[in-house]
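User: I am new to this structure and would like a close look at one part: the place where the two chains meet. Could you walk me through that contact, and then through the parts around it?

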Amino acid sequence: MGRDSYDEQLDRLTGVLATMSRDASAAIRTASTALLDVDRSAAERVLAGDAVLDRLRAEAEAMIPEVLVRHQPVASDLRLVVCALRIAGALERMGDLAVHVAKVVLMRHPVGVVPEPAVPVLTAMAGAATRIADKTTVVLATRDRLDAMQLGLDDDEVDAAQERLLSMLVTDWPYGVESAIDLALVGRYYERYADQAVNVARQVVYLVTGTIRL
Amino acid sequence: MASNDTDLTTRPSVTVHAPGSTASGVEPTGAPVMQLRDVSVYYGSYEAVRGTTMPIQQNQVTAMIGPSGCGKSTVLRALNRMNDPIPGARVSGDVLFHGQDLYARDVDPIQVRRRIGMVFQKPNPFPKSIYDNVAYGLRINGIKGRLDDHVEEALTKAALWDEVKDKVRKSALALSGGQQQRLCIARTIAVKPEVILMDEPCSALDPIATAKIEDLMFELTSDYTIVIVTHNMQQAARVSHYTAFFTAEVDDKQVRHGRLVEFSQTGKLFTNPTDKRTEDYITGRFG
């Protein structure tokens, strides 16, 4: 195994992560359409797409031991490989969380999950989560440390929206317990999704700087 | 002895992570046993290595890595005046051992080499018995006491005793390459040096013999300070606490000089080197 194949393997690993990130981003966008537009076929597309993310994660995980054993990477190569393992895990998890949102939609279909008063807050959550996902994809490609650190701010937006949603649900929610539980869970899925995206960004910061930030 | 930090940070072209900084969790045991201050080595008018400043920490393994011609072996040999017999060889700057300049006029190079021993790339036992190889240095140094005990102790420390105890009167040349190298280590430590210099000690050995020497190096750090030159970066990463990366630079007159680029704790140097030249070399993107 020569130098070319080493660089090729690292490039392929980076490529898999980029694809996964785009897919995880598409998944939350489509799941949000399914949720807010009560769109059954969109929800089904999210479920179908998740298999691809799972396969890509397995692909990344299979490549990593091979690169380690054949090339004993050091310095930024080593950090890339270590980060790739964590990033692939986080992106796959993001896909799962989008699937959870889609499953709630399918479970209630044709009834919508989001009653009128909750539409603005969930629109905000979906928007912020999608934006974070898109930025994650960009940061993975550019490896811009400052952009990566900025993602925490978007995450704060998701957290704030989730708090607004929860306080709506606990004060005179007129749509029943079932609806409140659905929305609490959906809010939680978005919040976790955004957290995982921040984890990816944090890995990028480590990849670039070699420093682990808490 | 002057503090490390002030000495080391005066050379901006070298990245130095002084002991006690972040990274790998290796803690130095105290003041460096040796200190190089702006050391240049010349062969005649040719400056082979330029301006090296770095510490050698006590009871630690310091590795020197870098491409061929980067001056790492030259610097290693400067540490115990092994370049002295080469006509025209000359050292400038300070090579301090416990604060004393090894190149001062009143310093006896024989005494230097007794306290700072060397193990070479190719095992080079004398064509004598195993026993006599180890006893040789003891005899010429007039070490008193029971020679047998000293020989056994040195062979034990070199992790060779169990393999040779029944045949110490047999020829050293009958041993395997790995055993011969451990015998050379035993011969070196028999005279109780403080520092052991190793110039690619495993490059002529198979992986099993290499692993034995590497294990031995780790054990020896309880009593000795080790400086190793190696072409094998994985070996440097495995065995050393500190790593010095040297490279060869071409000056404006198209003359190559060896230069220390980065000195760090090993974990730091191999996960997050500061200098791009280090990164390029250790990731194999050099040249």
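Analyst: Happy to! Let us begin at the contact itself, where nine residues of chain A touch nine residues of chain B. Please keep in mind that this is a predicted model. On the side of chain A that touches chain B, the biggest contribution comes from helix H3 of chain A, residues 75-108, which gives five residues. By class, that side of chain A is evenly mixed, with three nonpolar, three polar and three charged residues.

From there, let us step back to chain A as a whole. Chain A holds six helices and zero strands, and its pattern along the sequence reads α-α-α-α-α-α. Taken along the principal axes, the C-alpha atoms of chain A fill a box of roughly 65 × 30 × 20 Å. What about its radius of gyration? A compact globule with 214 residues would have a value near 17 Å, and the 19 Å of chain A agrees with that.

The UniProt record, an unreviewed entry, lists "domain: PhoU" at residues 18-105 and 123-204 of chain A. The span of residues 18-105 of chain A is 94% helix and 0% strand, and its end C-alpha atoms are 28 Å apart. For residues 123-204 of chain A, the end C-alpha atoms also lie 28 Å apart, and the span is 91% helix and 0% strand.

Following chain A onward from H3, you come to a detail worth pausing on. A:Pro110 sits in the loop between H3 and H4 of chain A, and the peptide bond that joins A:His109 to A:Pro110 is cis, with omega at about 5°. For background, most peptide bonds are trans.

Beyond that loop, helix H4 (residues 119-142) of chain A packs with helix H5 (residues 145-170) of chain A at an angle of about 165°, their axes 9 Å apart. Because an angle over 145 degrees counts as roughly antiparallel, H4(A) is roughly antiparallel to H5(A). Their crossing is left-handed. Among the residues that meet here are A:Val121, A:Met125, A:Ile132 and A:Val139 from H4(A), and A:Leu151, A:Val158, A:Leu165 and A:Met168 from H5(A). Charged residues take part too, including A:Arg131 and A:Lys135 of H4(A) and A:Asp154 and A:Glu157 of H5(A). In total, this contact of H4(A) with H5(A) has 14 nonpolar, three polar and seven charged residues.

Now let us cross over to chain B. For residues 34-273 of chain B, UniProt lists "domain: ABC transporter", again from an unreviewed entry. This span of chain B is 34% helix and 30% strand, and its end C-alpha atoms lie 24 Å apart.

Within chain B, helix H7 (residues 177-190) is a good guide, with two packing partners to look at. One of them is helix H4 (residues 130-140) of chain B, which packs with H7(B) at an angle of about 25°, the axes 7 Å apart. That angle makes H4(B) roughly parallel to H7(B), and the crossing of the pair is right-handed. H4(B) brings B:Ile130, B:Asn133, B:Val134, B:Tyr136, B:Gly137 and B:Leu138, while H7(B) brings B:Leu183, B:Ala186, B:Arg187 and B:Ala190. Sorted by class, these are seven nonpolar, two polar and one charged.

Another partner of H7(B) is helix H5 (residues 147-157) of chain B, where the angle is about 125° and the axes are 8 Å apart. H5(B) and H7(B) are therefore oblique to each other, and their crossing is right-handed. In this contact, B:His150, B:Ala154, B:Leu155 and B:Lys157 of H5(B) meet B:Ala186, B:Ile189 and B:Ala190 of H7(B). Five of these residues are nonpolar, one is polar and one is charged. If you are following along in the view, look for B:Ala186 and B:Ala190: H7(B) uses them in its contact with H4(B), and H5(B) meets them as well.

One last stop in chain B is the loop between strand S5 (89-97) and strand S6 (100-101), where B:His98 lies. The phi of B:His98 is near 50°, a positive value in a residue other than glycine. For comparison, most residues other than glycine have a negative phi.

Terms used
Residues numbered from 1 in each chain as written. Chains lettered and ligands numbered in written order. Predicted model: local features only at pLDDT ≥ 70, side-chain atom pairs only at ≥ 80, totals over all residues. Axes fitted to C-alpha atoms, helices over the stretch in contact; angles between N-to-C directions. Helix = DSSP H or I, 4+ residues; strand = E, 2+ residues; numbered from the N terminus. Parallel < 35°, antiparallel > 145°, perpendicular 65-115°, else oblique. Left-handed = near helix turned anticlockwise from the far one by under 90°. Contact = placed C-beta atoms within 7 Å. Nonpolar A, V, L, I, M, F, W, Y, C, P; charged D, E, K, R; others polar. UniProt positions renumbered as here; feature names shortened; annotations may be inferred. Rg over C-alpha atoms; globule rule 2.2 N^0.38 Å.
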